[in-house]
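I set out to look up the salt bridges in this structure and to note where their partners lie. The entries below follow the order of my reading.

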Amino acid sequence: MLALLGPGVLRFGGNLVERTFWKSAPPGTGSAQQYVVTRADLERVFGFARQVGWQVILGVNLQAGTPEQAADEIAAAADIGGPLLLAVEIGNEADLYKPQWSIDQYRESFNTFAAAIRARVPHVAFVGPDSSWGHWLPPFVESHGPQLSLATYHYYPLFHSAKQAETDPTYPSVEHLLSPGMLEQTGQDVRKYVAAARNARLPLRIDETNSISGGGEKGVSDVFAATLWMAQYLFTVAQQGAAGVNVHGGLNPEGKPFYTLLRAQPTAASTGPRYVATPPFYGMLLFHYGAVGQLVTTTLTATGTITPADTLTAFAARAADGKLRVTLINADSSHDHLVDVQLGGFYTNYSVLRLQAPSLTARDHITMDQASISPAGRWRDDSAGILGLNSSTVEVAVPAASALVLTLTPSS
């Protein structure tokens with residue numbers, strides 16, 4: 001299933017990284033479960049990465065681990081993974097450690113761990129600061145830029161808070177997730193930290209992200225609304241110049257976290273779990289097909305009583321072979337659109353790849369090109385017929401709560 005998304009990066013991090021110990025765990029403290037990571041675990045990680053053609057960002061335990069443990073683990077990872085080990089992440093969201101850490105405390109600990117790791121693996125790359133919000137990113141990359149291959153932080157547009165009113169724009173709801181204001185705010189936030197990273201001559205990667213922090217929200221993060229949001233979000237982040245994202249998730253049979261990309265369904269013990277693609281995964285797949293090449297500017301103009309900016313988003317990319325892909329996303333559940341696409345050039349033919357579901361709140365029966373992803377990880381993407389065009393414009397219907405990718409072939 002992951003191979004359907006093309007080349008990518010697996011990140012092993014998150015809160016659990018602070019409860020993982022290389023080869024042996026100290027006596028348990030408190031009620032939090034601890035996990036032992038062994039060479040066999042790393043062999044499975046990099047064996048999987050080889051199968052899908054992805055690289056790996058590997059987190060080490062900063063809060064409760066030791067520099068020596070981290071160095072030994074990364075030495076084993078480098079030996080097993082070789083070039084598949086993209087980078088090492090030291091700790092996870094140290095800005096939220098209790099008692100509260102300062103960025104100077106993080107810098108000091110980062111330096112200690114990085115020195116121990118480099119003594120064993122001299123050419124290893126690091127990412128950071130991997131903070132829960134972007135506030136640590138500018139000062140950290142300013143001081144540690146030459147030691148890093150990527151500037152990283154985490155981003156969730158919506159979150160849970162005991163003090164939130166339902167009218168708060170960050171309150172977890174379908175309406176807020178798909179609001180034009182949320183996309184605009186996302187663009188502003190990401191653009192600010194892309195600029196900070198570029199000042200340190202670094203690419204920015206949002207190495208933990210999804211719809212709602214804390215595992216998501218049932219009925220919001222696990223429905224078709226999250227599909228459309230995911231596609232809009234990935235295009236928006238790419239437009240701001242980010243180098244990539246790591247979409248957070250898990251594989252629990254119960255569907256938690258609610259924003260998981262692949263959901264495990266229990267089966268007979270002899271066959272192991274059966275995995276199904278969830279709504280956010282389909283949003284990533286749409287982005288994969290629509291964002292081929294360099295992004296180009298799009299403009300929406302209203303010709304009726306409905307303002308497109310409130311219900312429709314448009315993105316476009318031009319590939320090296322000259323093909324133009326235009327992605328149209330209608331996140332409104334009430335209004336259809338008939339869109340006249342002005343292409344800015346002459347094209348001979350086109351195809352349409354449609355993403356649809358019964359409703360914005362549907363968890364199942366999501367299709368792309370009238371087909372769902374099978375549990376075996378197969379999906380047919382070749383049923384869309386090639387249509388003649390010979391024009392610089394094309395008219396296409398975008399029904400309510402749906403999306404599509406137009407692929408256009410230029411005249412020779």
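**Notebook: salt bridges**

I began with Arg-39, whose relative accessibility is 37%, so this residue counts as partly exposed. I should add that I am reading a predicted model.

I next looked up the partners of Arg-39. Asp-79 forms a salt bridge with Arg-39, with 2.6 Å between the closest N and O atoms. This pair links distant parts of the chain: Asp-79 belongs to helix H2 (residues 67–81) and Arg-39 to helix H1, with the two positions 40 residues apart in numbering. Asp-79 has 53% relative accessibility and therefore counts as exposed, the cut-off being over 50%.

Glu-43 also forms a salt bridge with Arg-39, and here the closest N and O atoms are 3.7 Å apart. I noted that Glu-43 and Arg-39 both lie in helix H1 (residues 39–52), four residues apart, or about one turn of the helix. Glu-43 counts as partly exposed because its relative accessibility is 42%.

I then turned to Arg-11. Its side chain meets that of Asp-207 in a salt bridge, at 3.5 Å from N to O. This pair, too, links distant parts of the chain: Arg-11 is in strand E1 (residues 9–12) and Asp-207 is in strand E8 (residues 204–209), 196 residues apart. Are these two residues, Arg-11 and Asp-207, buried or exposed? I found both Arg-11 and Asp-207 to be buried.

Finally, I recorded the total: the count comes to 12 salt bridges.

Technical notes
Residues are numbered from 1 along each chain as its sequence is written. This is a predicted model: local features need pLDDT of at least 70, side-chain atom pairs count only at pLDDT 80 or more; totals for chains, interfaces and linings use all residues. Side-chain values use heavy atoms; hydrogens and water are left out. A salt bridge is a side-chain nitrogen of Lys or Arg within 4 Å of a carboxyl oxygen of Asp or Glu. Buried means under 20% relative accessible area, exposed over 50%, partly exposed in between (1.4 Å probe, protein chains only).
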